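Colleague: Could you take a close look with me at one part of this model? I would like to go through the backbone around a single residue, and then see how that fits with the other special spots.

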Amino acid sequence: MSNLILGIETSCDDTAVALVDREGQVLSSVISSQIDIHEEFGGIFPEHAARAHITTILPTINACLKRANVTKDDIKAIGVTRGPGLIGSLLVGTNTASALGLAWDKPVYGINHLRGHLRSADLEEQRVKYPATVMLVSGGHTFLAYMKNKSDIKILGTTRDDSVGETYDKVGRMLGLPYPGGPAVDKLAKNGKITINFPRPMLHEKLEFSFSGLKSAVARYMTTENEIDTHENIAASFVDAVMDVLMTKSRKALKQNPSKSFVIVGGVAASPQLREKAQQLSNKMKVELCLPPMRWATDNAAMIALATWDYIDLGIHKPAAPQLQLFMQDY
Ligand code: KG4
Ligand code: ZN
């Protein structure tokens, strides 16, 4: 019985492959990380990312199939991220998926990476109950949305400049931490105290976000203050400002849009501080907090495979061709 989706995700700096069944159970997931390659540059170097995908994609697919002990006969379709992302990286994934589809005679679906993140909260267990207020916080995106059901998405507010993940990464760099900055800043912040009152940009303005002012404030603090505080305290004060903004906006969104669940997805959903604050807010607002298990918060292919099942159910078949500009509502 061919009842598995082979998911392929190469939108950015990780080569990820996974096998997922219709219920969202992950039979295997293999992620080949490029952190070592990009660490030297303090960020992603697109040309290097594409080249690394070329080297790792086939071994990663083979390892994934081997780990689950399945063959092509167990695969119903292939789902591959077609955007948004880096063009060179996307091309490796989509071309490989197309070639495999031809060789194995399997349909290939081009998947919106953001739809993947959305479905990450239902991996291994069906968690999301609709209507839901959703916050997507990743390296490339930051927004709040309201979902009446699995396919009806209304965007409530997005960032006018930097994403939350990007801000974490830049502050991490200022603090001399390794790439990606998110987890490292969180860890440092745990040992610090909130001593600096960093700005909370656009705190009281609708549901829009802005983070470039906060990033600049941290940079300014570090270059103009004569005696700067410890890096632990700077990190703790920065994380506090980010959480304040995210939770204030989320509270507003939940108040305006009666929801059964509050869903947080994207790489920053791996932040322990965010998870704790979100739990407190959810208790107060009497909604169920739905978070992807830690390993499915950051980029992975299992979420792409689960999203592929939706495309199949809805009869939406997008080609495996890179599309750099895709919005949350797009399939
Ligand atoms: O979703 P993701 O893996 O890739 C994109 O689609 O962008 O998100 C990556 C972002 C990076 O900016 C990374 O620093 C951030 O997620 N991130 C975190 C944590 N883990 C990853 N940010 C804060 N705390 C974390 N623990
Ligand atoms: Zn992502």
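Colleague: To start, is M202 buried or exposed?

Modeller: Happy to look at that with you. Please keep in mind that this is a predicted model. M202 is buried, because its relative accessibility is 15% and the cut-off for buried is under 20%. The residue sits in the loop between α6 and α7 (212–224). Its backbone deserves your attention too: phi is positive, at about 55°, although M202 is not a glycine. Most residues other than glycine have a negative phi.

K286 makes a good partner for M202. Here phi is near 55°, again a positive value in a residue other than glycine. K286 is also a loop residue, placed between α9 (272–285) and β10 (288–290). Its surroundings can be stated plainly: K286 is exposed, since its relative accessible area is 72%. So M202 counts as buried, whereas K286 counts as exposed.

The backbone has other points to check, this time at prolines. Most peptide bonds are trans. The bond from Y130 to P131, however, is cis, with omega near 0°, and P131 belongs to the loop between α4 (113–120) and β6 (132–137). Y179 and P180 are likewise joined by a cis peptide bond, with omega about -5°. P180 lies in the loop between α5 (164–174) and α6 (181–190); M202 is found in the loop between α6 and α7.

From P131 we can step back to α4, which brings us to the metal. The zinc ion (ligand 2) is coordinated by H113 through NE2, H117 through NE2 and D299 through OD, at 2.0 to 2.1 Å. Its site is tetrahedral, with angles of 97 to 131° among the four donor atoms. In sequence, the donor residues follow the spacing H-x3-H-x181-D. H113 and H117 are separated by about one helical turn because they are four residues apart in helix α4. Both histidines are tucked away by the numbers: H113 is buried at 7% relative accessibility, and H117 is buried at 1%.

Last, a word on the cysteines. The count of disulfides comes to zero. For C12, the nearest cysteine sulfur is that of C64, 20 Å away. C12 is partly exposed, as its relative accessibility is 21%, while C290 is buried at 1%.

How values were computed: Residues are numbered from 1 along each chain as its sequence is written. Chains are lettered from A and ligands numbered from 1 in the order in which they are written. This is a predicted model: local features need pLDDT of at least 70, side-chain atom pairs count only at pLDDT 80 or more; totals for chains, interfaces and linings use all residues. Side-chain values use heavy atoms; hydrogens and water are left out. A disulfide is a pair of cysteine sulfur atoms within 2.5 Å. Buried means under 20% relative accessible area, exposed over 50%, partly exposed in between (1.4 Å probe, protein chains only). Helices (H or I, at least four residues) and strands (E, at least two) are DSSP runs, numbered from the N terminus. Donors are N, O and S atoms within 2.8 Å of the metal (3.2 Å for Na, K and Ca); water is not among the atoms, so sites may look incomplete. Four donors count as tetrahedral if all angles lie between 85 and 135 degrees; four count as square planar and six as octahedral if opposite donors are over 155 degrees apart and all others between 65 and 115; anything else is irregular.
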